[in-house]
Amino acid sequence: MRTSSWYRAGMVFWIVLLASSSPLLGYAATLPPGFVETPLGGGQLSPATAMEIAPDGRIFVCLQNGNVRVIKNGTLLPTPFVSLTVNASGERGLLGIAFDPNFATNQFVYLYYTATTPAIHNRVSRFTANGDVAVVGSEVPLLNLENLSATNHNGGAIHFGTDGKLYVAVGDNAVSANSQLLTNRLGKMLRLNPDGSIPVDNPTTFTTTNGVGTTAGLNRAIWSIGLRNPFTFAVQPGTGDLFINDVGQVTWEEVNEGIPGANYGWPASEGPTTDARFTTPLHAYDHGSGCAIAGGTFYNPRTMQFPLNFVGRYFFADLCGGWIRVYDPIADTVSDFASGISAPVDLKVGADGSLYYLARGSSAVFRVRYQRPVVTAHPTRRTVPIGGTARFTVAAVGVAPLSYQWQRNGVNIAGATAASYTTPSALLTDSGATFRCVVSNSFGSVTSATATLTVTPTVKGDYNNDGRGDLLFRDPAGALTAWYLNGTSAPQSVSFGTLPTGWTIVGTRDFNGDRRTDLLIRHTNGTLAARLTTGTATPQSIALAFVDPAWVVVGTGDFNSDGRSDILFHHNITGVVAVWLMNGLTFLNSGTLGTISTLWRVIGTDDVDGDGQGDIVLRHSSTGTVVVWLINGTVRLRAVTIGAVTTATQAVGMGRFNLDGRGDLVFHTPTSGALSTWLLNGIAAPLSVPLQSTTATWTVAGVGDFNGDKRADLVFRQPTNQITVRLMNGTTSGTSANIGTVNAAWTVVPIR
């Protein structure tokens, strides 16, 4: 049988080590690019066996001779936390430490050590801290294990699980048969309540090499069996997964998954196994690269300091190999991390995201940090309305100072050098832009993930900014009433006041960028005004300009993608079509788009080519020819005939039926009730799709998104003045419902 896991590393190595005049602090680990290490403890931690990091960041280091030393703010304190009387022969001594989950309030510290009385045995005791030292006389023994014969195979690691229970790893005391016996606790993983009592839900039945057996009495503390010398283990924060490092004998070192009731096979099995009685290791390595697995920890800190690809990985070390490796539990792969370490015996990850290793040969703790920046929170996608702003943020850690450079579509944004970036007022053409941040320091840089900006157009006819189109009625006296629609539910009726005599509504769009549809009104003398809606109160009228009455308003739309409506005019004498670009209620500039005869009518203004800017659709009143004008602000880019319809068919509105970001036309034939839509695609020939027809006497009262699903729906008015909503799923009819009746004298204000 192989002897002590420490002794077998080579007696010559240990004799030279112990005879040296000073600890081997000159050992410098070889780390991956970007990582650096800092020694802590000044080479005075001899002979070190284990460590644990307190919730407040202090590092408590166990020395085999019974002292617990404290590193505080990077400095080794002169006074030990506690000094115990221990038997330190061979592998005996002070071997394990854990902090109570409620340490902040109860100040409990747990230690595993080899007691000398009444006979030599391993013990777990609880101590109460008072600052950096233990309260004198506060020791409370919780677990006294069987008396020892051999000096090796003591195990010694102790940790609390996420279940609040204390787990204790115990070696077989160099008697391999112990590992399969249920009459003692050696060669096992134990599970206790914090007060040392045995949990009632511990497993009681185990399959051993001697058959199936049960535990009783003190042996009810057994949680799993078949271990040789589990010197270290770790619990993953969050998941509670437990990985047990078992030091092997001749060939294999093991990382085992902690499972209640499991049998890991020792001494019948070492390393990977297909024996159904045993749980095979998650990972095992042979002695070609090491001899004793020592130290294990998961990388799941509160603050990420390493690159994110390390999150969830398991670090483990080898005493003789002097290396640290990383196990990926998801991919089931292992990679090298560090080498050249002088006898590592323990590993921990601090709340600061640093990796700490305890090097027995150097008598020191080493903190490993990543120098380059690490992004800990990436920017996330944002959706804003036209005219809104989007704020992207990134969080990163690394050696200060950190610098930031935001990019749009991979190109640096001038002046965007903070941890957050707020866009200018969004245009519809900004939709789909990607944003990311390059974080740098003097050691290198890292680029965040990209986040996409989505800009949503204002819903036409939405008077209360709930994302749904509404209806507006006017009675003969000029009184205005809005119906706030909610799909097929009964609408809310709201008074919009009364238009004075001589004023008519010539447009319905959002002029001031608040995502509420406003009214463009005009007096018979040519004066234009905007009637701004608020959702609840009577709209406020704001005079815009006097325009010669010969200039007729034939449409409104957002022709420059700024989220605010512009005004389209047609001169009824010269035939000139012109656009006024507006900045809310302020005139920006105008441009002439072309000339048409009085036989042409504007039947829609919407983005038909997906460039985010409004376009114009015209129809010839005698031939039915339909023409699309593609617009860019004050410039007409193209004018193309896309088809024709019979003069008996009416164009009743535009809506977006197929979620492609382009407006579509709706046609209705009153004599038959036939309905159809032209799905537009810029200047290409449209796809004509028939819709469910209506009764011939019904009229189309509106086309818009009335249930907030981003698809156009239809509203009809029956001869009885009953209003019917038909919700659409693309070009397929969905639910229809009558939502109310209006006065016969009321007229519907078109959504345009």
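## Strand pairing and pockets in a predicted model

Strands β58 and β59, the latter covering residues 713–717, run antiparallel and are joined by five bridges. This description rests on a predicted model. Within this pairing, V703 has L714 of β59 as its bridge partner. Both strands belong to an open sheet of four strands, ordered β58-β59-β60-β61 and paired in the antiparallel sense. At its edges stand β58 (699–704) and β61 (732–741), each of which pairs on one side only, and neighbouring strands of the sheet are turned by 20° against each other on average when direction is ignored.

Another set of antiparallel pairings is centred on β20. Strand β19 (residues 242–246) pairs with β20 (residues 252–257) over four bridges in the antiparallel sense, and a hairpin of five residues leads from β19 to β20. In this pair, I244 stands opposite N256 of β20. Strand β20 is also joined by four bridges to β21 (residues 283–286), with the two strands running antiparallel, and here E254 has A284 of β21 as its bridge partner.

The two pockets described next can be set side by side.

| Pocket | Volume | Lining residues | Closest to the centre |
|---|---|---|---|
| Largest | about 1,100 Å³ | 38 residues | E52, I53, A54, V349 and A351 |
| Second largest | about 900 Å³ | 41 residues | L428, T456, P457, T458 and R656 |

Several strands contribute to the lining of the largest pocket, and those that each supply at least two residues are β2 (48–53), β4 (67–72), β7 (94–99), β12 (155–160), β18 (232–235), β22 (293–298) and β26 (344–349). Sorted by class, the lining of this largest pocket holds 19 nonpolar, 10 polar and nine charged residues.

For the second largest pocket, whose volume is about 900 Å³, the residues closest to the centre of the pocket are L428, T456, P457, T458 and R656. The elements giving two or more residues to the lining of this pocket are β38 (451–456), β42 (503–509), β50 (600–606) and β54 (650–655), and β38 gives the most, with three residues. By class, the lining of the second largest pocket divides into eight nonpolar, 19 polar and 14 charged residues. Because domain 2 (374–453) and domain 3 (457–748) both give residues to the lining of the second largest pocket, this pocket lies between the two domains.

Key: Residues numbered from 1 in each chain as written. Predicted model: local features only at pLDDT ≥ 70, side-chain atom pairs only at ≥ 80, totals over all residues. Heavy atoms only, no water. Pairing = 2+ DSSP bridges. 1 Å grid on protein atoms, 1.4 Å probe; cavity = no way out; pocket = protein on both sides within 12 Å on 5 of 7 lines; lining within 4 Å. Points joined across faces, edges and corners; volume = space filled by probe spheres on them. Nonpolar A, V, L, I, M, F, W, Y, C, P; charged D, E, K, R; others polar. Domains from an automatic or database assignment. Axes fitted to C-alpha atoms, helices over the stretch in contact; angles between N-to-C directions.
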